Amino acid sequence: TETAIKYLGAMLIMQSYHLLGEGLNTCWICGCFRGGGDAKTGMIIDCLSMWLVAVPLMAIAAFVFKLPVEAVYFVMCLDEFEKMIPVYIHYRKYNWLTNITREKEELG
């Protein structure tokens, strides 16, 4: 239908921006943090971002303000960008780097 095509066009545009933020966060959280030995920080940031920001904002947008579908989807896509700030700060502090190698003496 015409309405579905209108929704699809708007959501595809929003998804293209969402994928940009998601790609950066995934590289930092899954690549750098987990690869550096800090899986806990990424999990905490993901959980707090979803349950304290994204889900309440979507519920408020949908049920309190009764925004249209495109606006609620836009609010849903914002979670990657608000998560990017603490992820980038943690990345720049280099606290996620863990020495996972052993010294030659420890190997025997």
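In this predicted model, K83 touches N25, I29, I45, D46 and S49, leaving out residues up to four places away in sequence. K83 has its place in helix 4, and because its relative accessibility is 7%, below the 20% limit for burial, this lysine counts as buried. One of its contacts, I29, also belongs to the largest nonpolar core, as does I45, another residue that K83 touches.

That core is made up of seven residues, namely W28, I29, F33, I45, M84, V87 and W96. Helix 1, which spans residues 2–35, and helix 4, which spans residues 79–93, each supply at least two of the core residues, and the largest share, three residues, comes from helix 1. M84 is in contact with G21, L24, N25 and W28 once its neighbours within four places in sequence are left aside. N25 is thus listed among the contacts of M84 and also among those of K83, while W28, which M84 contacts, is itself a member of the core.

Helix 3 covers residues 69–77, and its buried residues are E70, V72, Y73, V75 and C77. The cover over these buried residues includes helix 1, helix 2 (39–64) and helix 4.

The secondary structure of the protein chain as a whole comes to four helices and zero strands, and along the sequence the pattern reads α-α-α-α. The radius of gyration is 19 Å, whereas a compact globule of 108 residues would have a value near 13 Å. In keeping with a description along the principal axes, the C-alpha atoms fill a box of roughly 70 × 25 × 20 Å. Of the 108 residues, 25% count as buried, and the accessible surface comes to about 7700 Å², with 69% of that surface belonging to carbon and sulfur atoms. Among contacts between residues at least 6 apart in sequence, 80% join residues at least 24 apart. The chain carries 9 positive and 11 negative charges, and the mean positions of these two sets are 3 Å apart.

On the exposed side of the description stands F63, which is located in helix 2. With a relative accessibility of 64%, F63 counts as exposed, because this value is over the 50% limit. The C-alpha atoms of F63 and G36 are separated by 41 Å, the two residues being 27 apart along the chain.

Two further residues call for attention on account of their backbone angles. Most residues other than glycine have a negative phi. K66, however, has a positive phi although it is not a glycine, and Y94, likewise not a glycine, has a positive phi too. K66 is found in the loop between helix 2 and helix 3, while Y94 lies in the segment after helix 4. K66 is exposed, whereas Y94 counts as partly exposed. Their values are set out below.

| Residue | Phi | Relative accessibility |
|---|---|---|
| K66 | about 50 degrees | 63% |
| Y94 | about 60 degrees | 41% |

Notes. Residues are numbered from 1 along each chain as its sequence is written. This is a predicted model: local features need pLDDT of at least 70, side-chain atom pairs count only at pLDDT 80 or more; totals for chains, interfaces and linings use all residues. Side-chain values use heavy atoms; hydrogens and water are left out. The radius of gyration is taken over C-alpha atoms; the globule rule is 2.2 Å times the number of residues to the power 0.38. Buried means under 20% relative accessible area, exposed over 50%, partly exposed in between (1.4 Å probe, protein chains only). Contact means heavy atoms within 4.5 Å. Accessible areas come from the Shrake-Rupley method with a 1.4 Å probe; for residues, only the protein chains shown count as cover. Lys and Arg count as positive and Asp and Glu as negative; His and the chain ends are not counted. The place of a charge is taken as NZ of Lys, CZ of Arg, CG of Asp or CD of Glu. A nonpolar core is a set of buried Ala, Val, Leu, Ile, Met, Phe, Trp, Tyr and Cys residues joined through side-chain atoms within 4.5 Å.
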